[in-house]
Amino acid sequence: MSLETLGWGPDLDLALSNTLSQSSSSLVPGRVVRQQRGLLTVQTAGAAFLARAAGRLLHQAQGAEALPTVGDWVLLQPPASGDGEALMHAVLPRRSLLKRREAGSEHDGQLIAANVDVVFLVMGLDGDFNPRRVERSLTVAWNSGATPVVLLSKADLADNAAERVREVEALAPGVDVLAVSAQTGLGVEDVRIRLPPGRTGVLLGSSGVGKSTLANRLLDAARLVTQPVRADDDRGRHTTTHRELFVLENGGLIIDGPGMRELGLWGDEEEGLANAFADVLALATGCRFSDCGHQGEPGCAVKAAVEDGTLSEERHASFQKLQREQAFQHRQTDAAAQRAHKRVERARSNQGWALTRSKRRGE
């Protein structure tokens, strides 16, 4: 398989030359195409290898974000015998990184996929439908640096699919919203044309929304195991247990993975929230005070829009909730950065003190 088939381009040629000048020329580039329980599979131009991070890469990593995930381009040392594990020595610069706060944690993050161009936010037109989750998912997607597209799946089961599309379009200004059905094929071609050769997409959504079924339809093959949702609450079972990148027949690429019901914000990026709530921020420019908290201050244009029905109370509450969550994450990031800075300064101080003592002793 050629690297171009996996999405290699001129930007990576430059990154490769810059990275190899600082490391061994015996390293070869490849893309992480599968991740399961910490085990990574990397596809190179010659073969696919199970791979793990080399000690130096682990040592130099500043955190989980620096370690490879599915979709990453890495430099690795193939095993000498052709069997066994390869060692990943470097992660090439990313175009985008999709991540979330680890479920049940306030501090730890989880990488979902790297170097994706399109994040397909999949939501079923059944008991799974939730406009507030659309807003949260859009914030996470915009934060990644990729372009979000909302897919309302199981359209064949809904009598009001067109109405739901209009409802989500109102929540997602400038974002494509598509009604799709993997069973009938509705909208599948609209998804496929958004993945031309070399372009990578990722399917993101809760268990049971039909991500793997849609991936199978895009692949024209039953490559991924699927199960029906529970009849009592339309909730899905965790059928997919790994993340994997597939090459479509038309040359596009798609990543499928386990369902995620919880998408916590991780990091302090402001672009995601600004894009997901562009309408609210546009209203905020009319507030009397530049630091208006939109909670009843005099001359608040946002609160006025809620009162006259221009902006729904639910959307306003969702914006404020995510804003508070982002502010908390910003404080956490600042606190971690301050601790790291203090450790560095303390180490430098200790080194300076030792050097001064050495000079006094004439060493």
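Start with the cysteines: this model has zero disulfides, a disulfide being a pair of cysteine sulfur atoms within 2.5 Å. Select cysteine 287, which is in no disulfide; its nearest cysteine sulfur belongs to cysteine 292, 4.0 Å away. Now click on cysteine 300, also in no disulfide, where the sulfur of cysteine 292 is again the nearest cysteine sulfur, at 3.7 Å. Cysteine 300 is buried, with a relative accessible area of 7%, and cysteine 287 is buried too, at 10%. (Buried means under 20% relative accessible area, exposed over 50%, and partly exposed in between, using a 1.4 Å probe and protein chains only.)

A quick note before moving on: this is a predicted model, where local features need pLDDT of at least 70 and side-chain atom pairs count only at pLDDT 80 or more, while totals for chains, interfaces and linings use all residues. Residues are numbered from 1 along each chain as its sequence is written, and side-chain values use heavy atoms, leaving out hydrogens and water.

Next, select residues 48-53, which are strand 3. (Helices, H or I with at least four residues, and strands, E with at least two, are DSSP runs numbered from the N terminus.) Show the side chains and you'll see them alternate: Phe49, Ala51 and Ala53 point to one face and are buried, while Ala48, Leu50 and Arg52 point to the other and are not.

Who are the neighbours? Add strand 2, residues 39-44, which pairs with strand 3 in the antiparallel sense over four bridges; pairing takes at least two DSSP bridges between two strands. A hairpin of three residues joins strand 2 to strand 3, and threonine 41 stands opposite leucine 50.

Finally, add strand 5, residues 86-91: strand 3 pairs with strand 5 in the parallel sense over three bridges. Look for arginine 52, opposite leucine 87.
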